[in-house]
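Visitor: I'm new to this structure and would like a close look at a single part of it. Could you take me through one of its sheets, and then show me what sits around it?

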Amino acid sequence: MARRAALVLTAALLASSALTACSTKSPAPGASTGAKAGSGGTITLGFAQVGAESGWRTANTKSVQEAAKKAGITLKFSDAQQKQENQIKAIRNFIQQKVDVIAFSPVVESGWDTVLKEAKDAGIPVILTDRAVDTKDTTLYKSFLGSDFVKEGKSAGEWLTGAYANEQGPVNIVELQGTTGSAPANDRKAGFADAIGGDGKFKIVASQSGDFTRAKGKEVMQAFLKSQKDIDVLYAHNDDMALGAIQAIEESGKKPGTDIKVISVDGIKDAFVAMTEGKINVVVECNPMLGEQLMELTKKVAAGESVPARVETQEGVFTQDKAAAALPTRTY
């Protein structure tokens with residue numbers, strides 16, 4: 001009798017085990033399980049940074065690192081040193097490590113579809129920060145967090161057209177572009193060209209990449225000063241290139257901000273100092289402090305929540321008359 005009861009109990013346990021196994025569903029291909037977020041565990045974020053080419057980028061990195069620590073998110077960080085192949089390698093490493101979310105600021109716009117599909121197939125959601133990618137398949141990433149670079153370029157151009165509204169021209173402009181093929185370089189160029197395009201007196205007489213660095217900005221500006229007899233305006237896609245160019249202008253015997261008007265984008269502290277000294281005329285802000293917003297998005301996508309396809313940062317335009325008052329508030 002005891003033997004029969006034991007057999008019945010064993011059969012019941014086996015049936016219960018089988019039912020439990022059948023009720024456990026495997027995640028669909030390309031779907032994020034959200035297990036860690038749902039169970040209250042630590043979220044792991046893999047972040048592939050462009051590099052450390054500028055004061056803006058350094059501030060951006062610090063913002064991400066500090067925000068991750070504050071949010072209790074484990075951060076795996078990679079510096080691509082401004083090389084796309086390094087970022088692709090980092091993203092693949094994150095996939096192998098099975099992080100919960102991947103975020104990155106693309107070095108250039110194109111060439112990401114393959115590795116982004118690998119992340120999607122692995123069920124790891126991707127967030128783009130600061131820079132966008134050029135892809136027809138927008139399902140390869142969950143959200144873009146950053147600035148409207150076209151708008152920044154337009155703001156720079158609108159300041160210029162206003163400043164020269166009562167002058168006949170011509171107004172000769174040299175342009176220091178960012179990294180070739182990058183979203184900010186492409187968009188800031190396009191937005192600026194659109195803003196000044198309606199008035200024929202504005203002429204871009206030379207345009208070349210300074211790779212977003214101070215040293216390259218100085219080097220290219222030195223070449224501009226040698227090749228162009230008359231330069232009225234310098235338009236730099238970021239502050240570091242503008243600051244390098246200012247050195248070249250001063251060494252040539254000209255006065256930046258007066259002999260050559262200087263327009264820049266970013267809003268780092270050094271640029272505000274230069275504005276108070278009259279060396280930069282206007283700075284269009286591009287806010288690098290994206291860390292807290294990125295962590296909010298990371299938590300949501302890890303939990304499988306829907307998020308906006310695009311999240312923009314709030315930014316302003318600063319002229320010399322505003323620089324002194326704003327300088328104490330610049331944290332980067």
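Guide: Let's take the open sheet whose 6 strands come in the order S2-S1-S3-S4-S5-S11, with parallel pairing. At its edges are strand S2 (74-79) and strand S11 (310-312), and each of these pairs on one side only. Going from one strand to the next, the twist averages 20 degrees. As a bit of background, strands of a sheet pair through backbone hydrogen bonds, either parallel or antiparallel.

Before going further, a word on what you're looking at: this is a predicted model. The mean pLDDT of the protein is 89, and 88% of its residues reach 70 or more. Residues 1-39 are another matter, with a pLDDT below 50; leaving aside near neighbours in sequence, that stretch has 16 contacts in the model. Where pLDDT is low, the predicted coordinates should not be read in detail.

Now back to the sheet, beginning at the S2 edge. Strand S1 (residues 44-49) runs parallel to S2, and 6 bridges join the two. If you want a spot to zoom in on, find Ala48, which stands opposite Ser78 in S2.

Next, move across to S5, where you can follow one residue to both neighbouring strands. On one side, S4 and S5 run parallel and are joined by 3 bridges, and here Thr129 stands opposite Leu145 in S5. On the other side, S5 pairs with S11, again in the parallel sense and over 3 bridges. Leu145 turns up here too, with Val311 as its bridge partner in S11.

While you're at S5, have a look at its side chains. In a regular strand the side chains alternate between the two faces of the sheet. In S5, Ser143 and Leu145 point one way, Phe144 and Gly146 point the other way, and all of them are buried.

What lies across this sheet? Helix H11 (residues 291-302) does, over S1, strand S3 (101-104), strand S4 (126-129), strand S5 (143-146) and S11. The helix runs at about 165 degrees to S4.

There's also a pair of helices worth finding. Helix H4 (residues 84-96) packs with helix H5 (residues 113-121) at an angle of about 10 degrees, and their axes are 10 Å apart. That angle makes H4 roughly parallel to H5. The meeting residues are Ile88, Ile91, Arg92 and Ile95 from H4, with Thr114, Val115, Glu118 and Ala119 from H5. Sorted by class, this contact has 5 nonpolar, 1 polar and 2 charged residues.

Follow the chain on from H4 and you come to Lys98, in the loop between H4 and S3. Lys98 has a positive phi of about 60 degrees, although it is not a glycine. Most residues other than glycine have a negative phi, and most peptide bonds are trans. Lys98 counts as exposed because its relative accessibility is 68%.

Phe212 makes a good companion to look up. Phe212 also isn't a glycine, and has a positive phi of about 65 degrees. You'll find Phe212 in the loop between strand S7 (202-209) and helix H8 (214-227). With a relative accessible area of 3%, Phe212 is buried. For an unusual peptide bond, try the one from Gly169 to Pro170: it is cis, with omega near 0 degrees. Pro170 sits in the loop between helix H6 (149-163) and strand S6 (171-177).

That leads us to another open sheet, also of 6 strands, in the order S7-S6-S8-S9-S10-S12 and with mixed pairing. S7 and strand S12 (317-319) are at its edges; each has a single partner strand, so one side of each is left without a neighbour in the sheet. Here the twist averages 15 degrees from one strand to the next. S12 pairs with strand S10 (residues 282-285) in the antiparallel sense, over 3 bridges, and Phe318 in S12 is the bridge partner of Val283. Packed on this sheet is helix H9 (residues 239-251), touching S6, strand S8 (233-236), strand S9 (261-266) and S10.

Finally, step back to the whole protein. It has 12 helices and 12 strands, and of its 332 residues, 48% count as buried.

Definitions and conventions. Residues numbered from 1 in each chain as written. Predicted model: local features only at pLDDT ≥ 70, side-chain atom pairs only at ≥ 80, totals over all residues. Heavy atoms only, no water. Pairing = 2+ DSSP bridges. Helix = DSSP H or I, 4+ residues; strand = E, 2+ residues; numbered from the N terminus. Axes fitted to C-alpha atoms, helices over the stretch in contact; angles between N-to-C directions. Contact = heavy atoms within 4.5 Å. Parallel < 35°, antiparallel > 145°, perpendicular 65-115°, else oblique. Nonpolar A, V, L, I, M, F, W, Y, C, P; charged D, E, K, R; others polar. pLDDT = per-residue confidence, 0-100. Buried < 20%, exposed > 50% of the residue type's maximum accessible area, 1.4 Å probe, protein only.
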